[in-house]
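Please read these notes with the model open beside you. They deal with a pocket and with how some helices pack.

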Amino acid sequence: GQWWFTTHRTAPQGRVHVLESLMAFADALGLSTDSSDRVDGQLRTGLQWNLPLPLDATAYADSLVPAGQRTLVISPCSSHVLRNWRPERYAAVAEHAVQTHGMQVIVCGGPSELERSMAEAICAMARVPVLNQVGKDTLPQLLGLLGRATVLLTPDSGPAHMATMVGTPVIGLYAATNPERSGPYL
């Protein structure tokens, strides 16, 4: 019922990425975005995040991912449990990454019991080494790790968007949301 108290509205945005629809607020406030950055009405080209990382974040990432080491990072949990894949499937992907592509595999996530138990299950089921970093980093350190990774595997989650910010490709598992609307912003 928040619309009962709304005095101003933005124009309907249609089927665009969530970030695009949020940019309508800037336009409504007269803070328009540079139209040269828009393609077919979307801001997807020329956008750069340029988020500086603290030295401890890059040192953390460097300690886990040696230079030249191809690395798959798995962030297996989202905020909604129905979006999460099963641990045996993540374990199978980890095995494929190691055996077929010579990759190192790291599982990351927050300190919740769900994330800890998911990571433990993945590590127990995988028949290859998987480094469990769940609950062991800060958000800047995670961003540093994602920046060093070759690829991230995750459901619809914050790390998917973080990886996009640092230019790391994302294999997104979308079951309950539209990836064109809420997936990593390219």
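1. How much space lies in the largest pocket? In this predicted model, the largest pocket holds about 150 Å³ of space.

2. The lining of the largest pocket is made up of 14 residues. Those nearest the centre of the pocket are G109, G110, E115, L139 and L142. Sorted by class, the lining has seven nonpolar, five polar and two charged residues.

3. Which helices each supply at least two residues of that lining? Helix 5 (139-148) and helix 6 (158-165) do.

4. Helix 5 and helix 6 also cross each other: their axes come within 9 Å, at an angle of roughly 60°. Angles that are neither under 35 degrees, nor over 145, nor from 65 to 115 count as oblique, and helix 5 and helix 6 are therefore oblique to each other. Their crossing is right-handed.

5. In this contact, helix 5 uses L139, L142, L143 and L146, while helix 6 uses P159, M162 and A163. The contact has seven nonpolar residues, with no polar and no charged ones. L139 and L142 of helix 5 thus appear in this contact and also among the residues nearest the centre of the largest pocket.

6. Helix 5 has a second crossing to check, with helix 2 (residues 55-64): the two axes come within 8 Å and cross at roughly 45°. That angle makes helix 2 oblique to helix 5. This crossing is right-handed.

7. Here D56, A57, Y60, A61, D62 and L64 of helix 2 meet P140, Q141, G144, L145 and R148 of helix 5. By class, the contact has six nonpolar, two polar and three charged residues.

Notes. Residues are numbered from 1 along each chain as its sequence is written. This is a predicted model: local features need pLDDT of at least 70, side-chain atom pairs count only at pLDDT 80 or more; totals for chains, interfaces and linings use all residues. Side-chain values use heavy atoms; hydrogens and water are left out. On a 1 Å grid over the protein atoms alone, a cavity is a set of points where a 1.4 Å probe fits but cannot get out, and a pocket is an open set with protein on both sides within 12 Å along at least five of seven lines; lining residues have an atom within 4 Å of a point. Grid points are joined across faces, edges and corners, and a volume is the space filled by probe spheres set on the points. Helices (H or I, at least four residues) and strands (E, at least two) are DSSP runs, numbered from the N terminus. Ala, Val, Leu, Ile, Met, Phe, Trp, Tyr, Cys and Pro count as nonpolar, Asp, Glu, Lys and Arg as charged, and the others, Gly among them, as polar. Axes are lines fitted to C-alpha atoms, for helices over the stretch in contact, and angles run from 0 to 180 degrees between N-to-C directions. A crossing is left-handed if the near helix is turned anticlockwise from the far one by less than a right angle, and right-handed if clockwise. Contact means heavy atoms within 4.5 Å.
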